Amino acid sequence: MVRLSFYGGVGEIGGNKILVEERGTKIFLDFGQSFTFGAGFFVDYLQPRTLSMLKDLLEFDLLPRIKGLYAEGLLERTGIGYTEPEIDAVLLSHAHFDHCQHICYIDPKIPVFLGEGTKIFLECMEEISYSCKYGDHDYRTFRSGAKIKAGGMRIEPVHVDHSIPGAYGYLVETSAGVIAYTGDLRAHGPRKDMTEEFVEKAAAAEPVALICEGTRMEEVERRQNYSEAQVREKGEEIVGGTDKIVFVMRYSRDIDRFRTFYEIAKANGRDLVISPKSAYLLGRLIEDEHLDVPDPRTDGAIRVYYRRKKSGTYDDSDYYKWEREYLDRMVTCEEIRKRQKEYLMELDFYQLTELIDIRPERGAHLIRSMSEPFSDEDLSEEVLQNWVEHFGLEFHQMHASGHLSREQLEWLVDTIAPKKIFPVHTENPQLFKKRWKNVESFKCGKQLNFDFK
Ligand SMILES: [Zn+2]
């Protein structure tokens, strides 16, 4: 008998925490935080107390009450006594917050399996952000096709294409048959071949269950989406057609998007200006020889933008240690202001204030290469548009999603042809039910026993 329990990602996008148990072996597929985590009880400065974080979260059942899962120090005052780990492994699919964030609570003795790229991302995030601490873990990295042994289970990670490098799906072997887990994936990115390989391997395994993401399983797609190649094409048109500065906003971990705009900048004889944070991340990612990224230390087409801090004189000591590595690649607001047409500049929402010093010429361009806001009442959207208007920028929206379109999703499920389908990471499991008859219903936190007959 195989038991599946879903502690997140049920009827919502993100927060996947899936427990697979069989014959005393227990593994978690992902251990993420949902985007609306705790929103019913905590708001603004009303937050769980640092000293009793776990207790405060368990009070409202925001984390699963499972023995042998959490770190000893965090269990004090929770009423759950500490026991040696009863979970054999946690397997992370990729380094997005909604798939990995909650490993900060788990017992450091539990092995955490993850791709090489995911480990680099986690380390970088801890180094450059004070609020991000995952705790100590017994990290074990793998490559695609490896065989992982956890308790009595064997698991094969297979790389997939997603909007972050180092993303994997899993094939979990149980006595009932294989359980395939997609993680997050797409089939319109530069490495769609990896997703195709996952689908091929999963289909060949004739799985009894497919735990499948469904982010874009919608009646009608609400937001515009391009392929990465289309983003390149449309970005090229804008940059190639102007003699003014072009700003671009992207997700900091979306390295495909970085590469897209890096290539556009080079093709148009411009320098790509990135933040010290992006430079640091790239500098670390080149350690992974499977990722083809330029080295910001030596690449002539990359410059690093330093904001004025503390002394206001760009003195080395004004910057964090990790920021200092790229000071000799520095470009300042003064230089950019004087030679605007020479640059394509990455600009984070929270760095919009730099526009006040850069003073872009009117008619300069701002490309948001991230997903559009969910609702019309998005406050930061209104703020962004105020900045755009104030500086007379021309605004463009272009994004390639990290997730399968509905058609691609149908192709994936039909090709893998599992016995049972478990939709996760979707707001619309009912649309899966409409399309396939072997879709299982389940609730968050409830155990499901399957003999898969
Ligand atoms: Zn993701």
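User: In this predicted model, which residue in β20 does R3 stand opposite?

Analyst: The model is a predicted one, and its strand β1 covers residues 2-6, the stretch in which R3 is found. Four bridges join β1 to strand β20, which is made of residues 447-450, and the two strands run antiparallel. Within β20, the residue that stands opposite R3 is N449.

User: What is the bridge partner of L4 in β2?

Analyst: Strand β1 is also joined by four bridges to strand β2, residues 17-22, and this pair runs antiparallel. In β2, the bridge partner of L4 is V20.

User: Is strand β1 largely enclosed by the rest of the structure or largely open, and how many of its residues are buried?

Analyst: A residue counts as buried if 20 or more other C-beta atoms lie within 10 Å of its own. Strand β1 has five residues, and it is largely enclosed by the rest of the structure because the number of them that are buried is four.

User: Is D30 buried or exposed?

Analyst: D30 lies in strand β3, which spans residues 25-31, and it has a positive phi of about 65° although it is not a glycine. Around D30 there are 31 other C-beta atoms within 10 Å, and the cut-off for a buried residue is 20 or more. D30 is therefore buried.

User: Y314 has a positive phi as well; where does Y314 lie, and how many other C-beta atoms are within 10 Å of it?

Analyst: Y314 has a phi of about 60° and is not a glycine, and its place is in the loop between β14 (302-305) and α8 (321-324). A residue is exposed if 12 or fewer other C-beta atoms lie within 10 Å and buried if there are 20 or more, with partly exposed in between. Y314 is partly exposed, because the number of other C-beta atoms within 10 Å is 14.

User: What percentage of residues 14-214 is strand?

Analyst: UniProt, in an unreviewed entry, lists residues 14-214 as "domain: Metallo-beta-lactamase". Over these residues the end C-alpha atoms are 10 Å apart, while the chain is 18% helix and, for strand, 26%.

User: What is the radius of gyration of the chain, and which value would a compact globule have?

Analyst: The chain comes to 13 helices and 20 strands, and its C-alpha atoms fill a box of roughly 70 × 50 × 45 Å along the principal axes. With 453 residues, a compact globule would have a radius of gyration near 22 Å, and the value for the chain, which agrees, is 23 Å.

How values were computed:
Residues numbered from 1 in each chain as written. Predicted model: local features only at pLDDT ≥ 70, side-chain atom pairs only at ≥ 80, totals over all residues. Pairing = 2+ DSSP bridges. UniProt positions renumbered as here; feature names shortened; annotations may be inferred. Rg over C-alpha atoms; globule rule 2.2 N^0.38 Å.
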